[in-house]
Amino acid sequence: MTLREIVTIVQGIVICGEENLNRAVHLGFASDLMSDVLTLLADDILLVTGLSNIQSIRTAEMADILQILFVRNKRPSKEMIELAQEHGITLISTPFSMFRTSGLLYSNGLKPVY
């Protein structure tokens with residue numbers, strides 16, 4: 001599934017990284033606990049989170065995650081956007097809850113990490 005497809009499925013808004021919308025993503029992981037995210041070993045992960053602070057960007061950077069989907073209309077700060085752009089991380093926001101977002105993505109073919 002591409003990021004472009006993900007944006008459509010979750011009625012998302014691309015905050016930064018429009019140039020990466022054709023990037024393929026095979027796995028999804030939903031969490032607000034960044035310590036859980038740091039345990040992931042897979043590539044091509046979409047991080048689905050409601051944690052809209054600089055730690056989510058730093059965690060994605062450390063875990064080599066190149067796309068973050070913020071739920072519940074969460075919007076990253078200017079500092080977060082700049083850091084994401086610096087590391088090539090695409091940021092997307094959706095109005096849906098984490099539960100609904102995860103269900104939509106799973107039912108459309110995005111696989112769970114485990």
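Where is the place of Asp-64? I looked this up before anything else, keeping in mind that the model is predicted. Asp-64 sits in the loop between H3 and E4.

**Entry: Asp-64**

I checked the backbone here and found that Asp-64 follows H3 with a positive phi, near 60°. Its relative accessibility is 58%, and since exposed means over 50%, Asp-64 counts as exposed. I also took a distance across the model: Asp-64 and Gly-103 are 39 residues apart in sequence, and their C-alpha atoms are 24 Å apart in space.

**Entry: H3**

I went back along the chain to the helix itself, residues 54-62. At its N-terminal end I found a cap from Asn-53, with a side-chain oxygen 2.9 Å from the backbone nitrogen of Gln-55. Which residues of H3 are buried? I noted Ser-56, Ile-57, Thr-59 and Ala-60. Looking down the axis of H3, I see these buried residues within an arc of 165°, so they line one face of the helix. Their packing partners are H2, E4, helix H4 (78-86) and strand E5 (90-93).

**Entry: H4**

H4 was my next stop. Met-80, Leu-83 and Ala-84 are its buried residues. They span an arc of only 100° around the axis, which puts them on the same side of H4. I turned to the other side of H4 and found Lys-78, Gln-85 and Glu-86 exposed. The buried residues pack against strand E1 (13-16), H3, E4 and E5. Just past H4, I noted Gly-88 with a positive phi of about 70°.

**Entry: Gln-67**

Both helices had sent me to E4, so I picked out a residue there. Gln-67 lies in strand E4. Is Gln-67 buried or exposed? Its relative accessible area is 2%, and with buried meaning under 20%, Gln-67 is buried. I then asked what its side chain reaches, and got the backbone oxygen of Ile-45, at 2.8 Å. Setting aside neighbours within four places in sequence, I listed the contacts of Gln-67: Leu-3, Arg-23, Val-25, Asp-44, Ile-45, Leu-46, Leu-47, Ile-89 and Thr-90.

**Entry: H5**

Which elements do the buried residues of H5 pack against? I wrote down helix H1 (3-9), E2, strand E3 (45-49) and strand E4 (67-70). The buried residues in question are Met-98, Thr-101 and Leu-105. Seen down the axis of H5, they fall within an arc of 65°, so they line one face of the helix. On the face turned away from that buried side I found Phe-99, Tyr-106 and Ser-107 exposed. Gly-109, just after H5, has a positive phi of about 110°.

**Entry: Thr-101**

I wanted a closer look at one of the buried residues of H5, Thr-101. Its relative accessibility is 0%, so Thr-101 counts as buried. What lies 2.7 Å from a polar atom of the Thr-101 side chain? I traced it to the backbone oxygen of Ser-97. Beyond neighbours within four places in sequence, Thr-101 is in contact with Val-10, Val-48, Leu-69, Val-71, Thr-94 and Phe-96.

**Entry: the largest pocket**

I then went looking for empty space. About 190 Å³ of it lies in the largest pocket. The lining is made up of Gly-28, Phe-29, Ala-30, Val-48, Ser-102, Leu-105, Tyr-106, Leu-110, Lys-111, Pro-112, Val-113 and Tyr-114. Which elements give two or more residues to that lining? I found strand E2 (27-30), helix H5 (98-107) and strand E6 (111-112). Sorted by kind, the lining residues come out as 9 nonpolar, 2 polar and 1 charged. Two H5 names caught my eye: Leu-105, which is buried, and Tyr-106, which is exposed, both appear in the lining.

**Entry: Leu-41**

One more residue to look up. Leu-41 has its place in the loop between helix H2 (34-37) and E3. I got a relative accessible area of 82% for Leu-41, so this leucine is exposed. How many residues apart in sequence are Leu-41 and Val-113? They are 72 residues apart, yet the distance from C-alpha to C-alpha is 9.0 Å. Val-113 was already in my notes as part of the pocket lining.

Methods. Residues are numbered from 1 along each chain as its sequence is written. This is a predicted model: local features need pLDDT of at least 70, side-chain atom pairs count only at pLDDT 80 or more; totals for chains, interfaces and linings use all residues. Side-chain values use heavy atoms; hydrogens and water are left out. On a 1 Å grid over the protein atoms alone, a cavity is a set of points where a 1.4 Å probe fits but cannot get out, and a pocket is an open set with protein on both sides within 12 Å along at least five of seven lines; lining residues have an atom within 4 Å of a point. Grid points are joined across faces, edges and corners, and a volume is the space filled by probe spheres set on the points. Helices (H or I, at least four residues) and strands (E, at least two) are DSSP runs, numbered from the N terminus. Ala, Val, Leu, Ile, Met, Phe, Trp, Tyr, Cys and Pro count as nonpolar, Asp, Glu, Lys and Arg as charged, and the others, Gly among them, as polar. Buried means under 20% relative accessible area, exposed over 50%, partly exposed in between (1.4 Å probe, protein chains only). The arc is that of the directions from the helix axis to the C-beta atoms. Contact means heavy atoms within 4.5 Å. A polar contact is a pair of N or O atoms within 3.5 Å; within protein, one must be able to donate a hydrogen and the other to accept it, and residues adjacent in sequence count only if both atoms are side-chain atoms.
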